[in-house]
Structures are given as C-alpha cells and as structure tokens.
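Here are my notes on the model you sent. They are set out as numbered points, to be read with the structure open.

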Amino acid sequence: DEVSRLADSFIHMTNRLKLSQIRLRESEEKYRSLFDSGPNPVFVLDRDTLEILDANPSAEQAYGYARTELVGVSFLELGTFQDDRTGLSVFAVDPTEASCLVYSKARHYTKDRRPFYVNMHACPTRYMDKEAIIVATTDVTDMIEKEAQLIQASKMTMLGEMSAGVAHELNQPLNAIRVGCEYFLKLVGRNQPVSEEILGRVSKELVAQVERASS
C-alpha cells in the first residue's frame with residue numbers, strides 16, 4: 001500500500017508537471033503570437049547594454065532590416081534618440097525606476113538611412129532570465145509633417161493679414177498726397193494763383209503724409 005501510494009503521488013506529480021509545462025508552452029505561444037502579430041515595431045533590449053535581443057516582424061518592415069541584422073546590434077544604432085522636451089537621451093533615466101516611460105518625436109533611421117519620427121514606449125521586463133527593456137515605437141512622421149504644414153499655413157495667413165494692414169496704412173497717406181497734387185494741378189490748369197498760406201499748408205501736409213508712409 002505504501003509503495004502504491006508513493007507511485008500514485010509520483011504519477012500525480014508528473015501529471016501536474018506535464019500540465020504546467022503545457023500551460024507554460026501555451027502561454028509562451030500566446031505571447032509570441034501577440035509579439036509577432038503586433039502592428040507596431042517592438043524591440044526587446046538588454047537593460048545594461050541596450051543590445052537588441054529580439055524584434056518583431058513589424059520592426060523588420062518599418063526599419064528595413066532582417067531580424068538577424070537587428071539582433072545583437074545596439075538599439076542606439078537605429079538613430080539619435082532624444083526627448084525633444086529635455087534634450088536628454090531617452091535612456092538617460094533608468095526605465096527600471098518607473099513602470100513605463102514615454103518619449104515623443106524621436107528621430108530614427110531605416111537601413112538606407114531614411115529619417116523618420118516615432119513616439120517610443122519603454123517598459124522594464126525580463127527576457128530569458130535577463131533584466132530587459134521592451135520598447136514599442138509608433139511612426140508619427142505624417143503627423144509631424146501635417147503639423148508643420150498647419151504652422152506654415154498659419155504663418156502665411158498671418159503674413160497676409162499683416163500685408164493687408166500695411167497696404168491699408170500706405171493707402172491712406174497716398175490718397176492724401178494724390179488729392180493735394182490734384183488740387184495744385186487744377187489750379188495750374190486754370191492759371192489761378194496760389195496764396196502763400198495755402199501753398200505752405202498743403203505742402204506741409206504732403207510732407208507729413210510722405211513721412212507717415214515712410215514710417
């Protein structure tokens with residue numbers, strides 16, 4: 001009976017171990033499937049060296065590298081990663097000290113050195129019994145270009161408003177100068193004499209309008 005119970009316990013323990021292995025394998029397959037099918041590039045980095053330990057197919061497509069070309073390379077080889085708000089390297093702060101860190105508008109490069117901009121999400125994790133960082137990137141190049149276009153359009157609108165204002169400010173003294181000149185021409189055409197008082201007053205007004213337009 002004792003041997004039988006021991007055998008039953010051994011079989012039970014073995015079954016539990018097999019079930020645990022099956023669940024672990026299913027879990028690994030599940031997360032590998034999520035990792036591989038993600039629409040955004042995802043990298044797993046060594047925390048100390050920032051060496052790329054793994055990369056998903058989206059990373060291969062976005063950066064133009066094969067996975068074998070990415071694995072083993074420093075993540076910093078993909079670009080000069082800086083936080084636009086602080087100017088610091090995105091890894092100047094240890095990601096293990098916070099749950100996750102987000103960095104916006106970092107400039108990355110494809111294999112053919114074409115620049116593009118990404119938002120990065122970095123979180124501490126463990127990978128193959130190593131302290132690691134998992135980094136997800138999102139291409140925001142189109143958004144930045146549209147923002148630049150909106151800013152340019154805003155500048156052009158402001159320039160147009162300023163031009164209209166300047167034109168209005170110039171038009172008023174020019175009209176006054178024209179009226180004064182037409183007045184003198186009519187007097188000359190009629191051979192009418194011009195008194196010194198009127199000549200002086202109109203001439204001073206013309207000079208004042210020229211100075212206004214010049215300002």
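1. In which strand is the place of Thr137? Thr137 belongs to strand β5. Keep in mind throughout that this is a predicted model. Thr137 is buried, and its relative accessible area is 1%. That value falls under the 20% cut-off for burial. Leaving out residues up to four places away in sequence, Thr137 touches Asn40, Pro41, Phe43, Tyr63, His108, Val118, Asn119 and Met120.

2. Now the overall layout. The protein chain has 5 helices and 5 strands. Read from the N terminus, the order of elements is α-β-β-α-α-β-β-β-α-α. The chain counts 215 residues, and 25% of them are buried. Take the contacts with a separation of 6 or more: 40% of these join residues 24 or more positions apart. The exposed area of the chain is about 15100 Å². Carbon and sulfur atoms supply 56% of that area.

3. Next, the nonpolar interior. In soluble globular proteins, nonpolar side chains tend to be buried together. The largest nonpolar core here holds 20 residues. Which of them touch the most other members? They are Phe43, Ile52, Phe75 and Leu78. Six elements, β1 (42-46), β2 (52-55), α2 (57-63), β3, β4 (115-127) and β5 (130-139), each supply at least two residues of this core. The largest share, 4 residues, comes from β4. Apart from this core lies another, of 5 residues, with Phe35, Val42, Val44 and Ala132 among them.

4. Ile52 deserves its own point. Set aside its neighbours within four places in sequence. Ile52 is then in contact with Phe43, Val44 and Leu45 on one stretch of sequence, and with Leu70, Val71, Gly72, Val73, Ser74, Phe75 and Leu78 further along. Phe43 and Phe75 also appear with Ile52 among the core residues that touch the most other members.

5. Helix α4 covers residues 141-189. Does its length agree or disagree with the expected span? At 1.5 Å a residue, its 49 residues should span 72 Å. The end C-alpha atoms are 69 Å apart, which agrees. The buried residues of α4 are Thr141, Ile144, Pro173, Ile177, Gly180, Phe184 and Leu187. They pack against β3, β4, β5 and α5. Just after the helix, Asn191 takes a positive phi of about 55 degrees.

6. On to charge pairs. Side chains of opposite charge can pair when their charged atoms come close. How many salt bridges does a search of the whole structure find? The search finds 7. One of them joins Glu147 and Lys105, with the closest N and O atoms 3.5 Å apart. Glu147 lies in helix α4 and Lys105 in strand β3 (residues 101-109), so this pair ties together parts that are 42 residues apart in sequence. Glu147 is partly exposed, at 31% relative accessible area. Lys105 is also partly exposed, at 31%.

7. A second bridge involving α4 pairs Glu169 with Arg212, and here the closest N and O atoms are 3.7 Å apart. Glu169 lies in helix α4 and Arg212 in helix α5 (residues 196-214), so the pair ties together parts that are 43 residues apart in sequence. Glu169 counts as partly exposed, with a relative accessibility of 43%. Arg212 counts as partly exposed too, at 39%.

8. Another bridge stays inside one helix. Arg201 and Glu197 meet through their side chains at 3.3 Å, N to O. Both lie in helix α5, 4 residues apart, about one turn of the helix. An α-helix has 3.6 residues a turn, so residues three or four places apart point the same way. Are these two residues buried or exposed? Both Arg201 and Glu197 are exposed.

9. Last, a nonpolar patch on the surface. Phe10, Ile11 and Met13 form it, and together they have about 330 Å² of accessible area. Phe10 is found in helix α1 (residues 2-37). Its relative accessible area is 54%, so Phe10 counts as exposed. The cut-off for exposed is over 50%.

Conventions:
Residues are numbered from 1 along each chain as its sequence is written. This is a predicted model: local features need pLDDT of at least 70, side-chain atom pairs count only at pLDDT 80 or more; totals for chains, interfaces and linings use all residues. Side-chain values use heavy atoms; hydrogens and water are left out. A salt bridge is a side-chain nitrogen of Lys or Arg within 4 Å of a carboxyl oxygen of Asp or Glu. Buried means under 20% relative accessible area, exposed over 50%, partly exposed in between (1.4 Å probe, protein chains only). Contact means heavy atoms within 4.5 Å. Accessible areas come from the Shrake-Rupley method with a 1.4 Å probe; for residues, only the protein chains shown count as cover. Patches are made of residues with over 30% relative accessible area and no salt bridge: like charges are joined within 9 Å, nonpolar side chains (Val, Leu, Ile, Met, Phe, Trp, Tyr) within 5 Å. A nonpolar core is a set of buried Ala, Val, Leu, Ile, Met, Phe, Trp, Tyr and Cys residues joined through side-chain atoms within 4.5 Å. The expected span of a helix is 1.5 Å times one less than its number of residues.
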